Amino acid sequence: MPPFTPLSNVRKLRRLLDHADRKTLSPTQKYMYNAEKQMNFRTIAKLCATRSDYVLGTSNLASPDLIEEMAQVGQFAEVVYPSLLPTEFVFENLNILTQANFPLEGYDALLESELLQAWQGDVADLDSLIAYRPALKQLVVAFSGTSNMKQSLYDVRLRRLKHPAGRGCGVHSGFWRIYKGVRSRVLEGIKEGVNKYDVKELAITGHSLGGAISSLLALDLLTANDVPRTLLDGVTLKLFGFGSPRAGNSKLVKVWRDAVAQRRAKEGEHCIKEYLVKAYRDGVPSLPPASFRYQHFTEEPLYFYHGRLFHIPVSENEHGLFHVAKEALDTTQIPQYPRGGHNYYNNRDMEGIARRMQWIEEMMAKGPDWESSYTARKAKYEEKLAKKVGMVSPVSSRGSSITSSRTLESSSGDSWTSSSTTLEDKVSSLALS
């Protein structure tokens with residue numbers, strides 16, 4: 001447990017940071033939020049997320065290695081979205097798309113991988129992919145988050161169905177039906193990948209809906225009768241979920257946790273690693289509400305808050321909002337994404353990336369010189385939007401990890417160090433230690 005911190009002071013800190021969110025945005029941030037069109041579920045977080053009284057501190061901080069690993073695997077969870085052009089086209093043109101000022105700048109994990117399969121599921125057209133990372137001997141399975149109206153309708157099917165894992169096991173009916181639409185293809189793809197390549201790790205990942213589907217696949221790999229128990233012999237299973245909703249009831253979750261415990265007892269703690277990240281003011285991980293008797297599969301989730309990643313204690317794993325001690329924050333800089341939300345995991349602006357990928361699709365329809373046309377389109381858009389927020393030029397979204405940070409610049413070219421120093425003085429005056 002971290003040192004005792006008066007909750008009244010923690011609440012003052014939260015109000016102070018929220019005030020900074022609203023009032024101390026840099027021109028770059030104003031540009032970004034002015035362009036925001038997609039739903040970030042901040043209101044849902046206010047309505048549905050429960051706030052823990054536990055104060056996350058320096059002892060809860062995730063290691064830099066884990067942060068970087070999650071940022072790299074997260075690239076696959078992001079690129080599988082259909083709004084980012086056909087997956088095959090993306091992988092075929094990574095040398096262009098990852099250049100400076102192009103949408104996937106910094107997505108180095110994709111450059112070092114080989115796309116094996118990409119397809120849409122039979123139910124609601126869920127986009128999925130399987131790739132191989134030779135340097136890590138890692139097979140990656142990624143599922144898209146909600147990207148069309150059909151999937152949205154399945155998302156709100158809150159009635160539970162019986163899951164074949166055991167008596168009393170209930171699964172979210174919408175997620176289960178979507179998963180069934182990709183199940184046979186993905187299991188066959190995993191078998192082919194394990195047989196064809198030297199695979200030491202299987203990473204399963206997804207953002208939002210894709211995270212829930214990832215959990216259902218991982219459960220099948222450990223418990224389903226039609227999946228050979230020898231399929232993952234010698235293979236470490238890693239589960240990465242970003243902003244994932246709850247998918248099953250307590251009995252189904254217990255089946256998963258028991259299966260994980262049994263495998264670890266047999267092969268060691270390293271054989272399964274599971275990571276569910278919840279972001280500040282992202283309401284999706286709090287859906288369906290706990291009052292509907294749903295739970296998360298992951299026993300020890302993570303929390304992304306103002307550029308930092310924290311381990312959540314087991315006792316607090318169903319909460320969606322947390323207090324954070326000032327010692328665990330970088331109070332010398334304004335957070336890059338201060339408002340939090342559903343589309344800012346791994347320190348990346350997913351909506352901004354998708355927008356620019358759509359520009360490429362538009363330019364391709366007009367002729368073969370889409371690279372230069374895209375560059376001109378991007379400059380024109382940014383100039384127009386920059387005038388609205390009084391800035392000279394915006395900072396592009398990049399594929400950097402959560403640990404990356406930079407001093408935000410004002411429209412006059414001055415850094416925000418002086419204003420954030422004032423913020424640090426105010427935070428320090430709360431004497432949270």
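In the predicted model, strand 7 (residues 201–207) and strand 8 (residues 236–242) run parallel to one another and are paired over 7 bridges. Within this pairing, L202 lies opposite L237 of strand 8. The connection between the two strands passes through helix 10 (residues 209–223), and strand 7, helix 10 and strand 8 together form a right-handed β-α-β unit.

Strand 8 is also paired with strand 9 (residues 272–279), again in the parallel sense, over 6 bridges. Here the bridge partner of L237 is I272 in strand 9. A further right-handed β-α-β unit is made by strand 8, helix 11 (residues 250–267) and strand 9. Of the 7 residues of strand 8, 7 are buried, so the strand is largely enclosed by the rest of the structure. Its two faces are both covered: T236, K238, F240 and F242 are buried on one side, and L237, L239 and G241 on the other.

Strand 9 is in turn paired with strand 10 (residues 302–305) in the parallel sense over 3 bridges, and V277 has L302 of strand 10 as its bridge partner.

These strands belong to an open sheet of 8 strands with mixed pairing, in the order 2-3-4-7-8-9-10-11. Strand 2 (114–120) and strand 11 (308–311) form the edges; each has a single partner strand, so one side of each is left without a neighbour in the sheet. From one strand to the next, the twist averages 20 degrees. Helix 10 packs on the sheet and touches strand 4 (138–143), strand 7, strand 8 and strand 9. The direction of helix 10 makes about 150 degrees with that of strand 7.

How values were computed:
Residues numbered from 1 in each chain as written. Predicted model: local features only at pLDDT ≥ 70, side-chain atom pairs only at ≥ 80, totals over all residues. Heavy atoms only, no water. Pairing = 2+ DSSP bridges. Helix = DSSP H or I, 4+ residues; strand = E, 2+ residues; numbered from the N terminus. Axes fitted to C-alpha atoms, helices over the stretch in contact; angles between N-to-C directions. Contact = heavy atoms within 4.5 Å. Buried < 20%, exposed > 50% of the residue type's maximum accessible area, 1.4 Å probe, protein only. Right-handed = clockwise from strand over helix to strand, strands pointing away.
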